[in-house]
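Visitor: I have just opened this entry and would love a close look at one small part of it. Could you start there and then show me what lies around it?

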Amino acid sequence: MRYILVLLFALVFAAASPAQSPSTILKQAEKALGGAKALRSVRSIVQTGTMKSSTDGTAGKYVSRRAQPDLINISHDLGGFETEMSYNGRSGWVRNSRDGLRTLTGAAAVDFQAKAHFANNLWLRHKDEKAKITSGGQASIDGRPVNVLIMTTRRGQQIKVSFDATTGLPVREEMPNGGETEIVELRDWRDVNGVKYAFFHRITHGEHAYEIQMDEVKVNPSIPRSVFDFPVASNQPLPDISTLLRELQTNQDRIEAILENYSYNQKITQRERDKTGRLSEKESETFQLSFYKGNRIRRLIEKNGRPLSEKDQADADREAAKQVEEIEKRIGKQEARLAKDGPNARETQENRRLSIAEVLRASRLINPRRERFRGREVVVFDFEPNPAFDMKNEKTAIRVFGKTAGVMWIDEKDKQVVRLEAVLLESYKVGGGMLAKLNKGATFIAEQERVNNEIWLPSSFETDISVRVLLVKGINVNQLVRSYGYRRFETEVKDAKIDDAKTP
């Protein structure tokens with residue numbers, strides 16, 4: 001009988017305490033923090049205090065600076081070991097007393113950008129940023145019930161926030177940090193200009209734990225933009241960026257000639273997000289690529305990680321053979337045009353190819369610096385839209401790229417771009433928006449690898465874009481292209497068939 005009463009009590013309690021919806025939890029949190037209007041009025045903030053390592057007891061000064069829309073700079077000193085991290089809206093960077101200064105890449109860069117955006121905006125702009133917020137259920141922290149919400153960003157980072165079920169205040173934040181999870185426990189909430197801030201943070205990251213006690217919080221102070229920009233860290237003179245970009249274009253013909261001596265595999269993976277924002281693989285195709293008389297030939301060899309059937313492979317081989325026939329026809333037409341119009345015909349054809357220098361014409365190139373990337377000396381610079389540039393009569397690629405911000409790595413000796421990251425800052429309309437619109441927030445990440453100590457060749461290209469077509473249909477494209485298995489040969493490919501290479 002006692003167990004029946006306990007069960008009935010549990011059922012009654014559960015019925016009386018239904019799980020709250022994410023919107024209800026967020027409204028309660030906004031009210032507890034000072035109200036949505038007060039939160040949105042915060043344009044910048046500076047927090048200063050003391051940071052202490054729970055591992056070895058070392059301590060020192062801690063400073064955090066943030067400014068809208070997504071600028072952040074965090075610095076601290078633990079027993080004389082200084083560390084500083086920053087995101088400037090285009091790229092993230094870190095420097096410390098041991099490793100010096102470098103630009104963040106990969107998961108570390110994407111995670112820190114997500115942290116910068118959340119620190120400045122919380123969840124207030126999640127709909128505009130295409131982030132998803134879902135319930136993580138109910139839990140208990142230090143014996144107190146909490147409501148858990150999970151915000152999945154457009155790029156797939158998951159930020160978990162636990163809210164005190166009674167007060168509505170956030171008590172714990174969990175977010176990705178370079179492949180690990182950073183946990184921040186929030187306590188000692190105080191009112192500053194009508195908004196509550198946690199004056200005590202306990203941060204756990206891997207095996208390390210730190211405690212931060214804030215001494216002062218300033219709301220809406222003036223923070224120079226230079227605080228977030230990449231520091232000047234080398235006395236070695238930098239090359240003129242415009243000249244370097246022109247040298248890249250001059251070197252392009254040599255690079256393309258070398259590339260014609262390579263065959264390689266390329267796996268194209270289409271990904272999609274579920275209702276919670278989690279990213280998963282939808283389908284994939286693997287091609288074998290080679291070159292024939294300066295033109296690329298693609299031969300399908302796998303679908304969804306499995307070799308094609310005998311029939312499908314025969315069809316793919318016939319398709320590759322057709323590509324060779326089309327190349328021959330196109331070359332014949334070009335030669336006929338050259339014979340008729342003279343050298344100007346070839347010049348017109350070549351001028352259709354856009355160089356890096358041309359694509360970046362509509363951008364401001366800033367924060368040039370020297371770094372090491374993949375063991376090579378590289379020149380790195382940020383870029384952002386140049387509002388003074390006249391877009392009239394420019395090619396589409398220049399117009400689109402002129403609306404992006406990001407960072408580019410260039411091997412100064414090899415005269416090649418080795419990595420590029422870009423995000424679209426404002427939407428691009430095709431046909432005045434009647435035909436299509438590429439929505440802002442689209443991201444592009446391209447990286448190359450050095451092969452045979454002679455050339456940088458594509459290794460990965462990642463895109464995440466949202467397009468609205470004909471004012472009605474919205475299309476989300478999340479695609480990862482990996483190129484691998486580069487094989488050098490000395491004779492021109494006459495047959496579209498090439499020995500298969502295994503997918504990594």
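Which side chain does a polar contact join to the side chain of aspartate 229?

Guide: The partner is arginine 90: a polar contact of 2.8 Å joins its side chain to that of aspartate 229. (A polar contact is a pair of N or O atoms within 3.5 Å; within protein, one must be able to donate a hydrogen and the other to accept it, and residues adjacent in sequence count only if both atoms are side-chain atoms.) Before we go on, please keep in mind that this is a predicted model, in which local features need pLDDT of at least 70 and side-chain atom pairs count only at pLDDT 80 or more, while totals for chains, interfaces and linings use all residues. Residues are numbered from 1 along each chain as its sequence is written, and side-chain values use heavy atoms, with hydrogens and water left out.

Let us stay with aspartate 229 for a moment. You will find this residue in the loop between strand 13 (208-219) and helix 5 (241-259). (Helices, H or I with at least four residues, and strands, E with at least two, are DSSP runs numbered from the N terminus.) Aspartate 229 counts as buried because its relative accessible area is 18%; buried means under 20%, exposed over 50%, and partly exposed in between, with a 1.4 Å probe and protein chains only. Apart from neighbours within four places in sequence, aspartate 229 is in contact (heavy atoms within 4.5 Å) with Asn88, Arg90, Trp93 and Asn367.

The same loop between strand 13 and helix 5 also holds asparagine 220. The phi of asparagine 220 is near 60°, a positive value in a residue other than glycine. With a relative accessible area of 39%, asparagine 220 is partly exposed.

Now follow arginine 90 to an enclosed space. The structure holds 2 cavities of 30 Å³ or more, and the largest contains about 160 Å³ of space. Arg90 is among the residues closest to the centre of that largest cavity, together with Tyr87, Gln113, Arg155 and Glu421, out of 18 that line it. (On a 1 Å grid over the protein atoms alone, a cavity is a set of points where a 1.4 Å probe fits but cannot get out, and lining residues have an atom within 4 Å of a point; the volume is the space filled by probe spheres set on the points.) Helix 4 (106-121), strand 20 (404-411), strand 21 (416-424) and strand 24 (443-451) each give two or more residues to this lining. Strand 21 gives the most, with 4 residues.

Arginine 155 leads us further along the chain. Its C-alpha lies 8.5 Å from that of leucine 279, although the two are 124 residues apart in sequence. Leucine 279 belongs to strand 15 (residues 279-292) and is partly exposed, with a relative accessible area of 31%. Leaving out residues up to four places away, leucine 279 touches Arg271, Glu272, Arg273 and Asn478.

Next, the nonpolar interior. The largest nonpolar core has 45 residues, and Phe118, Trp123, Met151, Phe163 and Tyr197 touch the most other members. (Such a core is a set of buried Ala, Val, Leu, Ile, Met, Phe, Trp, Tyr and Cys residues joined through side-chain atoms within 4.5 Å.) Not counting residues up to four places away in sequence, phenylalanine 163 touches several residues, including Leu26, Trp123 and Pro170. Proline 170 sits in strand 10 (residues 170-177) and is buried, with a relative accessible area of 4%. Proline 170 and leucine 26 are 144 residues apart in sequence, yet their C-alpha atoms are 9.9 Å apart in space.

Two backbone details are worth a visit as well. Most residues other than glycine have a negative phi, and most peptide bonds are trans. The bond from glutamine 68 to proline 69 is cis, with omega near 0°, and proline 69 lies in the loop between strand 2 (59-67) and strand 3 (71-78). Aspartate 142, in the loop between strand 7 (132-141) and strand 8 (144-152), has a positive phi near 55°. With a relative accessible area of 67%, aspartate 142 is exposed.

Finally, step back to see the whole. The protein comes to 9 helices and 26 strands, and 44% of its 504 residues count as buried. Among contacts between residues at least 6 apart in sequence, 51% join residues at least 24 apart.

How values were computed. On a 1 Å grid over the protein atoms alone, a cavity is a set of points where a 1.4 Å probe fits but cannot get out, and a pocket is an open set with protein on both sides within 12 Å along at least five of seven lines; lining residues have an atom within 4 Å of a point.
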